[in-house]
Amino acid sequence: MDRIKLGLVGIGKIARDQHLPAIAASVDFELAATASRHARVDGVEGHGSIAELIAARPEIDALSLCTPPEGRFEQAMAAIAAGKHVMLEKPPAATVSEARTLERAAHAAGVSLYATWHSREAGEVDAARDWLAARRIDVVRIRWMEDIRQWHPGQDWILAAGGFGVFDPGINALSIATRILPQPLTVLAATMDIPANRACPIAASVRFRTGSAEVDAKFDFLQTGEQTWQIEVETDAGLLRLTEGGGRLERPGQPSLSGPDREYPRLYRAFAELIRSGQSDVDLQPIQLVADAFLVAERRIVDPFQF
Ligand code: NAP
């Protein structure tokens, strides 16, 4: 089967760390060109914008967008209008209404839209979901605490309006929680710490409900030392711990599981399957929960933040 001709848009940290290696190893895709205002990839045709890329390479079948969420809507709409299949980094857009509009536009244009949640593809997420499916959920604790200076150096957009702040990584926890917990989540309350010189939270606490259980979630961008991406679920059969961002699983009475990191190869395989079967995958639960947290949040202004 012919490989799908792909354009990669927004050549930054995640494009280089994950997308380029996953595409290079993919049997489904060939990288035809990139679009980025400043960056180029050695040995690959580069354009300065998505419009230039679409005009120069009309035969490209699909575009994968790795730009920040603010502004991605216009890029995705341009790609859909040009009849391209579209894969979106998380979060799929800056707002829920943008993401829903993209979904409708892709359906009307007859192209596949894939709103990816890479953390759902972490090695042990499916095993956690399977184990929890038959349990009573009593309490859930989410701790997603990382050092912004280590993981997002100089990314001012992340704390600007539309950048999601600490929910840029935090939405990964919610993408896992909405995958593994048997009942949907709703937001009860939230507090957000916003640096005096920024628009988005650098730390947040959110209380959710799932079924009759409460979910206590803490997100922190100022965690130095050990980094924590974990979800604990107390059940009628004991404690499940999913750590390392979904890569490691502990359950009562069973050896711990730790699968290889195959998140981005799995995303590209799923995108190829969506294109070949004429389908889309747009699950907006994680971004809806973040939006709801912003709706109910108490805000505290905290010390200014500099990278
Ligand atoms: P990044 O390093 O800042 O890269 C994004 C690239 O997009 C920039 O290098 C920039 O390249 C381009 N761009 C286009 N419009 C932009 C704008 N208005 N502001 C800033 N850059 C703009 O960001 P990233 O970490 O790769 O994150 C991109 C997306 O991937 C985000 O949605 C993020 O949540 C997601 N993601 C990131 C990670 C991670 O670990 N970093 C992990 C998973 C997912 P040009 O200047 O050349 O246009």
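These legends walk through several close-up views of a predicted model.

**View 1. Two domains make up this view of the chain.**
Let's start with the overall layout. The protein chain splits into domain 1, covering 4-115, and domain 2, covering 121-259 + 291-302. Taken over C-alpha atoms, the centres of domain 1 and domain 2 are 27 Å apart. Where they touch, 10 residues from domain 1 and 12 residues from domain 2 take part in the contact.

**View 2. Residues 4-113 carry a label from a database record.**
In its unreviewed entry, UniProt marks residues 4-113 as "domain: Gfo/Idh/MocA-like oxidoreductase N-terminal". How much of this span is helix, and how much is strand? It is 39% helix and 22% strand. If you look at its two ends, the C-alpha atoms there lie 15 Å apart.

**View 3. Helix H1 lines up its buried residues on one face.**
Helix H1 runs through residues 13-24, which makes 12 residues. At 1.5 Å a residue, H1 should span 16 Å, and its end C-alpha atoms are indeed 16 Å apart. Which residues of H1 are buried? They are Ala15, His19, Leu20, Ala22 and Ile23. Look down the axis of H1 and these buried residues fall within an arc of 165°, so they line one face of the helix. Here is a handy bit of background: an α-helix has 3.6 residues a turn, so residues three or four places apart point the same way. The buried residues of H1 pack against strands E1 (4-9), E2 (29-35), E4 (62-65) and E5 (85-88), and against helix H8 as well.

**View 4. Helix H9 also has a buried face.**
H9 takes in residues 285-296, 12 residues in total. From first C-alpha to last, H9 reaches 17 Å, close to the 16 Å expected at 1.5 Å a residue. Pro286, Ile287, Leu289, Val290 and Ala293 are the buried residues of H9. Down the axis of H9, they sit within an arc of 160°, so they line one face of the helix. What covers them? The cover includes helix H4 (96-109), helix H7 (167-180), strand E8 (185-195) and strand E9 (203-210).

**View 5. Asp126 and Arg266 join up across the sequence.**
Side chains of opposite charge can pair when their charged atoms come close. Here the side chains of Asp126 and Arg266 form a salt bridge, with N to O at 3.4 Å. Asp126 belongs to helix H5 (residues 125-132) and Arg266 to helix H8 (residues 263-277), so this pair ties together parts that are 140 residues apart in sequence. Buried, exposed or in between? Asp126 is partly exposed, with a relative accessible area of 25%, and Arg266 is partly exposed too, at 32%. The pair also belongs to a network of salt bridges that links Glu121, Asp126, Arg129, Asp130 and Arg266.

**View 6. Here are two further salt bridges, Arg207 with Glu214 and Glu250 with Arg241.**
The closest N and O atoms of Arg207 and Glu214 are 3.1 Å apart. Arg207 is partly exposed at 36% relative accessible area, and Glu214 is partly exposed at 36%. In the other pair, Glu250 and Arg241 bring their closest N and O atoms to 3.3 Å. Glu250 is partly exposed, with a relative accessible area of 28%, and Arg241 counts as partly exposed at 23%. If you search the whole structure, you will find 21 salt bridges.

Technical notes. Residues numbered from 1 in each chain as written. Predicted model: local features only at pLDDT ≥ 70, side-chain atom pairs only at ≥ 80, totals over all residues. Heavy atoms only, no water. Salt bridge = Lys/Arg side-chain N within 4 Å of Asp/Glu carboxyl O. Helix = DSSP H or I, 4+ residues; strand = E, 2+ residues; numbered from the N terminus. Buried < 20%, exposed > 50% of the residue type's maximum accessible area, 1.4 Å probe, protein only. Expected span 1.5 Å × (residues − 1). Arc of directions from axis to C-beta. Contact = heavy atoms within 4.5 Å. UniProt positions renumbered as here; feature names shortened; annotations may be inferred. Domains from an automatic or database assignment.
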